[in-house]
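Biologist: Could you take a close look at one part of this model for me, the strand pairing, and then walk outward from there to the helices and the place where the chains meet? Keep it chatty, please; I have the structure open beside me.

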Amino acid sequence: MRVLVAMSGGVDSSVAAALLVDAGHDVVGATMKLWGGPSDTGCCSVADVEDARRVAQQLGIDHHVFNFTDSFDADVVVPYVADHAAGRTPNPCVECNRSLKFDRFLRRADALGFDAIATGHHARIDGDPACGWSLGRGRDRDKDQSYVLHMLGQDQLGRTLLPVGAMTKDEVRAVAAAAGLRTAAKPDSQDVCFIASGAGRSAFLGERIALHPGRVVDTDGRHVGDVEAVELVTVGQRKGLGPVGAGVPRYALAVDVASATVTVGSPDELLVTATAVTAWTWTADAAAIGTVVEAQTSAHGEPRPAVFTGGGVEWSRPAKRVAPGQSVVLYDGDRVLGGGRAA
Amino acid sequence: MVAYLDHAATSPLRPKALAAMEPYLTEQYGNPSSGHSLGRRARQAVDEARETVAACLGAQPGEVVFTGSGTEADNLAVSGARGDGVVVCTAVEHHAVLHPVESVGGRVVGVDGNGVIDLDALAAALDPSVTVVSVMLVNNEVGTIQPLEQVVEVVLAHAPNAVLHTDAVQAFPWVDVSHAARDASLISVSAHKFGGPKGVGALVVRDGTPVRAQILGGGQERDRRSGTTDVAGVVGMAAAMALTHTTRAATVGRVARLRDRLANELLKRVPGTAETGDRGGKVAGNCHLRFEGVESEALLVLLDDAGVCGSAGSACASGAIEPSHVLLAMGLTAAEAATSIRLSLGATTTAEDIDLALKAVPDAVAQLRNG
C-alpha cells in the first residue's frame, strides 16, 4: 500500500513511519508547515522539520514539506481568535485535525495517488471495508488521543492508519531508540502549537483582538472582583477569580463578553444536569436519541455516564459545566461514537 | 531518467570545471597568501582565475572580489557601498538584495505585469540621498531581463550620488554581462548557476566605487573581503565562466528552441494553462507556467515521481514553498501564484529532457484535476 505519513518531527509519527516501512508499505513522509509566526512548542519550527526530514532519511523514504499555512490560519487560528473574542473556549487541536490533517492533507494524499495516510496519534482504527470502521481509544490510556479525532467519519477512517495506537508510549520510545531515531527521547509537545510559551495566550490574543477588563459577579449579581481580560476566562476556571481563602472556592459559571461580566459560583453551582451540544459528527451512524453513553469533555478528562438527547447530553449524575466551544465526545466503552461542540 | 529542469536553482558542474579544480583539491593545497612554492602556485591559479572572470564580466582583474556566494556578493554591494545613504531596489529582487535593502529601511520600486521595473516609479524613488540603486539584470523566477541602460539614465538624472548595482546571478548563462552591465558599478555573479561549484561568487567593484568590507580579517581581496580564498572554487568558477562565455550564443539559440517547444506544447496540450511573463523579454532558459486549479506544491511532487525536477516560488528555512513575492509584485493573485511552476533549462538540457516533461506535466496536471 502507498502510504503518506504526516511527520511532525515528534517520536510518535517517526515510529509510525518506521513501522509502516518495516511492514513493507511504500511510504513517503510529509511535514505540514502550518504556522508562519513564532512558536516554540509546536509542529512547524525549522528544528521539527529537520527532525522529520532526518528520520525520513534514516528510514530511506522521501520526505516533502507542504505549506498549509493559509488553511491553518483560516480554519484554525482565525476561529480560535474569534471564539475567544466571543467568550468561548476553542480546541484548536480538534479543528486542526478536522481541517488540516484529515482534510487538506488527506486530499493532498489522494491527489498524489496514495492509498492511505498515517499519523502518530494514539488511537485505534478497527474494521474492514465491508463492515465499516470504528475509532477506539489508544492502548496507552494516558496518551489516548481519540478525543481529538472524534470528527473522523467512515470515509476518513477507512483511509487512515494509526500505527502507534496499539502501543504504549514507552514502547514507542523503545522502538525509536532501537531504530536509532533521533526523535526517540524528544519530549512530548504541549499546549497550543502556534502560541509561544514565553508571551503566552494573552499576548497572542492581545495582538489580534481587543481584550476587555471584566467584572466578576456572584450569582446574586454582587460585584466580587475583576479580571484583566474577560476573553481569557474559561467556564470552570477557578484561578484568578477573586480572593483566595475566602471560604468556598469560586468557579467561573458563565462568561458574557458583551457586558464584560464573569459570573462565579460555588462548586455546587458549577454542576449541571445537562449540556447543550451543537455540530455533531459521527464516526458511523448517528446515535439514536436516548442512547446511554459515556461523555468526555476534555482531552484527558474522565468519561462520565450520560444520555444522548439529540440537542446535547443529560448527565446521569450532575457534572461540571462544559466551557462553550469545548468538544463533547461520546463513547461506547472505548469506542468513539461521535462528538460535537458545547454550546 | 531524470529531466533536470531547475537550472535556475543550480546547474550541474561542468566536467571542465571539475577537471580544473581537481589539482587544487588534492596536491596543490597551498594557501595563496603563503610565500613558499605551494603558496605561489595557488596564488597563480587565483590570479589567472581572476583575470578570466574579469574578462568575462568586462572588468579589470583588480575589480573582481571573490566571495563565498552570490548572496554574499549582493550583501557586500548593498551594505558595503551604502555609506550612510538610502538604498533603492526593485520589488522583484532576490532576497539576497531585498532583505539587506529592507533591513536598512530602503525603498522598493514596483514592476509591471512582466516584471519589468517601473522607470517612473524609480525616478520618483530617487534623490541625492540615495547611494545605491540595485536592479537585477535577470529575474530568478520569471527570467525577465531588466532595461539596465534606461535604468542608468534615470539614476544619473535623479540620484547623482548613487552607484548602480546589478545582481547578474541569473543573467550570466544567457546574457553577455560584460556588455549588458557595462554601466553598473557593482555586479554580482554566482558560480553554480553556470556550471561552476557551489559556494563561490564574485562581485565586480569598479575602480573608484567605495565598498566597505563586511567580513573583516586577514585583508584578502584587497581588504574588501577577508578569508582564505577558495582556490579550487574560484578556479572552477573561472573554467565554467570561460566555457559559458565562449559558447553562450550557440547555447542560447539551442535552449530557446527547446524552451519554446516545451512552453508551446504545454500551452497547447494542457487546458487552462497560462504563461507568466512575456517570452520575448525573458532569457532562453526560463519557462514559467501556471495551471488553473492545480496546486504547484502537489504538481511538483508528481513531477518528481515522474523524474522531472522543477520548482515553484522559493523555499523557506523549513523547506516549505512560500508564495512568490515576484509573482505578487507582478500583479498575480495569491491563487495564481500558488498554481505557478518554473521549469528552467540550462546548457546541458537535452531534447529528451523536454520529451519527458511533455509527457509528465500533462499527466500530472490531469491526475490532480481529475483525481
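Modeller: Sure. In chain A, strand β12 (residues 271-282) pairs with strand β17 (residues 335-342) in the antiparallel sense, over four bridges. To find the spot on your screen, click on Val277(A): its bridge partner in β17(A) is Ala342(A). Bear in mind that this is a predicted model. β12(A) also pairs with strand β15 (residues 312-320) of chain A, again antiparallel, this time over five bridges. Go to Leu271(A) for that pairing, and you'll see Lys320(A) of β15(A) standing opposite. If you're wondering where the side chains go along a strand, the general rule is that in a regular strand they alternate between the two faces of the sheet.

Now hop over to chain B, where there's an open sheet of three strands in the order β9-β10-β14, with antiparallel pairing. β9 (273-275) and β14 (340-344) of chain B sit at the edges with a single partner strand each, so each has one side without a neighbour in the sheet. Ignoring direction, neighbouring strands of this sheet are turned by 30° against each other on average. Five bridges tie strand β10 (residues 286-291) of chain B to β14(B), and the two run antiparallel. A handy landmark there is Cys287(B), whose bridge partner in β14(B) is Leu343(B).

From that sheet, step across to helix α10 (residues 296-305) of chain B. Seven of its 10 residues are buried, so α10(B) is largely enclosed by the rest of the structure. The buried ones are Ser296(B), Glu297(B), Leu299(B), Leu300(B), Val301(B), Leu302(B) and Leu303(B). What covers them? Among the elements doing so are β10, β14 and α13 (351-370) of chain B, and also β3 of chain A. After α10(B) comes Gly307(B), with a positive phi near 90°.

That β3 of chain A is a good lead into the place where the chains meet. There, 12 residues of chain A are in contact with 13 residues of chain B. On the chain A side, α2 (46-59), β3 (62-67) and α4 (92-111) each supply at least two of the residues that touch chain B. β3(A) gives the largest share, four residues. Sorted by class, this side of chain A has six nonpolar, three polar and three charged residues.

α2(A) turns up again in the helix packing of chain A. Its axis lies 10 Å from that of α1(A), at an angle of about 15°, and the two helices are therefore roughly parallel to each other. Their crossing is right-handed. From α1(A), the contact takes in Ser14(A), Ala17(A), Ala18(A) and Val21(A), while α2(A) brings Val55(A), Ala56(A) and Leu59(A). That makes six nonpolar residues, one polar and no charged.

α1 (residues 11-22) of chain A also meets helix α6 (residues 169-178) of chain A: their axes come within 9 Å and cross at roughly 65°. This crossing is left-handed. Val11(A), Asp12(A), Ser14(A), Val15(A) and Ala18(A) of α1(A) meet Val172(A), Arg173(A), Val175(A) and Ala176(A) of α6(A). By class, you get six nonpolar, one polar and two charged residues in this contact.

Back in chain B, have a look at helix α4 (residues 95-103). Its buried residues are Ala96(B), Val97(B), Leu98(B), Pro100(B) and Val101(B). They pack against α3 (70-80), β3 (86-90), β4 (107-109), β5 (130-134) and β6 (163-167) of chain B. Following α4(B) is Gly105(B), with a positive phi near 70°.

One last stop, for backbone angles. Most residues other than glycine have a negative phi. Glu221(B) goes the other way, with a positive phi near 55°, and so does Arg222(B), at about 50°. Glu221(B) belongs to helix α8 (residues 220-223) of chain B, and Arg222(B) is also placed in α8 of chain B. Are they buried or exposed? Glu221(B) has 22 C-beta neighbours inside 10 Å and so counts as buried. Arg222(B) has 13 inside 10 Å, so it counts as partly exposed.

Note on methods. Residues numbered from 1 in each chain as written. Chains lettered and ligands numbered in written order. Predicted model: local features only at pLDDT ≥ 70, side-chain atom pairs only at ≥ 80, totals over all residues. Contact = placed C-beta atoms within 7 Å. Nonpolar A, V, L, I, M, F, W, Y, C, P; charged D, E, K, R; others polar. Pairing = 2+ DSSP bridges. Axes fitted to C-alpha atoms, helices over the stretch in contact; angles between N-to-C directions. Buried ≥ 20, exposed ≤ 12 C-beta atoms within 10 Å, placed from the backbone. Left-handed = near helix turned anticlockwise from the far one by under 90°. Parallel < 35°, antiparallel > 145°, perpendicular 65-115°, else oblique.
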